[in-house]
Amino acid sequence: MTPADDGRDQLTQLGKQVAAPQSPEEAILERVPAPYLDKHYLVRFTAPEFTSLCPITGQPDFAHIVIDYVPDKWIVESKSLKLYLTSFRNHGAFHEACSIQIANTLVERLAPRWLRIGAYWYPRGGIPIDVFWQTGEPPAGVWVPAQDVPTYRGRG
């Protein structure tokens, strides 16, 4: 692929100084064409310091998020994903809502062959809440490694 057909000319954030979006709705999740349309491969993003806000108290919530997906025609541009995830810092929503919103946004934007999210939330009130979701069965022959985030015991 050349820069003319690899999608670089469509990117508005990579290589530029960009302010963090104030909400997920304001964030721009960018994509570029997948480099290997004839192969099934897994892409993993890990965000061990994800934060959002409790919608009732406004207190911060913290999570270790792991996103796995098998691209079809598109891959997510990683800086835009980082900015998208950062946009949740001022966003008030329950753990389940944040987790599924991230997954839904990626599925809508990328239309991957397969996607799963593991959102391992740190405890508030003494109870960790972990949220898991996937689009279905992964494509045959794709190596899907374990997420290897331990159940809560200080998650370090």
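## Alanine 20 and the early segment

Alanine 20 counts as partly exposed, at 35% relative accessibility. You will find this alanine in the segment before strand 1 (31-33). Please keep in mind that the structure is a predicted model. In that model, alanine 20 and serine 87 sit 6.6 Å apart in space, C-alpha to C-alpha, although 67 residues separate them in sequence.

## Aspartate 148, towards the other end

Aspartate 148 belongs to the segment after strand 6. Is this residue buried or exposed? Aspartate 148 is exposed, with a relative accessible area of 67%. Its distance to valine 66 is 9.7 Å from C-alpha to C-alpha, and the two residues are 82 apart in sequence.

## Strand 5 and its partners

Now let us turn to strand 5, which spans residues 114-121. Eight of the eight residues of strand 5 are buried, so this strand is largely enclosed by the rest of the structure. Its side chains go two ways: Trp114, Arg116, Gly118 and Tyr120 point one way, while Leu115, Ile117, Ala119 and Trp121 point the other way. Residues on both sides are buried.

Which strands pair with strand 5? Strand 3 does so in the antiparallel sense, over eight bridges, and strand 6 (residues 130-134) is also antiparallel to strand 5, over five bridges. To find your way on screen, look for alanine 63, which stands opposite tryptophan 121 of strand 5. For the pairing with strand 6, look for isoleucine 117, whose bridge partner there is tryptophan 133.

## Salt bridges

Side chains of opposite charge can pair when their charged atoms come close. How many salt bridges does a search of the whole structure find? The search finds four. One of them joins the side chains of arginine 44 and aspartate 68, at 2.6 Å from N to O. Arginine 44 is in strand 2 and aspartate 68 is in strand 3, so this pair ties together parts that are 24 residues apart in sequence.

Aspartate 68 also meets arginine 116 in a salt bridge, at 2.7 Å from N to O. Here the aspartate comes from strand 3 and the arginine from strand 5, so the contact ties together parts that are 48 residues apart in sequence. Arg44, Asp68 and Arg116 are thus linked in a network of salt bridges. Within this network, aspartate 68 is buried, with a relative accessible area of 0%, and arginine 116 is buried as well. Arginine 44, by contrast, is partly exposed, with a relative accessible area of 32%.

A further salt bridge brings together the side chains of arginine 113 and aspartate 72, at 3.4 Å from N to O. Arginine 113 lies in the loop between helix 2 (95-110) and strand 5, and aspartate 72 in the loop between strand 3 and strand 4 (74-76), so the pair ties together parts that are 41 residues apart in sequence. Arginine 113 is partly exposed, with a relative accessible area of 26%, and aspartate 72 is partly exposed with a value of 26%.

## The largest pocket

Rolling a probe the size of a water molecule over the atoms shows where empty space is left. In this model, the largest pocket holds about 230 Å³ of space. Which residues are closest to its centre? They are Ala47, Phe50, Lys82, Leu85 and Thr86, from a lining of 15 residues.

The elements that give two or more residues to this lining are strand 2 (43-53), strand 3 (60-70) and helix 1 (78-86). Strand 2 gives the most, with seven residues. By residue type, the lining divides into eight nonpolar, four polar and three charged residues.

## Annotated positions

The UniProt record, an unreviewed entry, lists Cys54 and Asp61 for "active site". Where does cysteine 54 lie in this model? Cysteine 54 is in the loop between strand 2 and strand 3. Its relative accessible area is 12%, so cysteine 54 is buried, given that buried means under 20%.

Note on methods
Residues are numbered from 1 along each chain as its sequence is written. This is a predicted model: local features need pLDDT of at least 70, side-chain atom pairs count only at pLDDT 80 or more; totals for chains, interfaces and linings use all residues. Side-chain values use heavy atoms; hydrogens and water are left out. On a 1 Å grid over the protein atoms alone, a cavity is a set of points where a 1.4 Å probe fits but cannot get out, and a pocket is an open set with protein on both sides within 12 Å along at least five of seven lines; lining residues have an atom within 4 Å of a point. Grid points are joined across faces, edges and corners, and a volume is the space filled by probe spheres set on the points. Helices (H or I, at least four residues) and strands (E, at least two) are DSSP runs, numbered from the N terminus. Ala, Val, Leu, Ile, Met, Phe, Trp, Tyr, Cys and Pro count as nonpolar, Asp, Glu, Lys and Arg as charged, and the others, Gly among them, as polar. Buried means under 20% relative accessible area, exposed over 50%, partly exposed in between (1.4 Å probe, protein chains only). Two strands pair if DSSP finds at least two bridges between them. UniProt positions are given in the numbering used here, feature names are shortened, and annotations may be inferred rather than shown by experiment.
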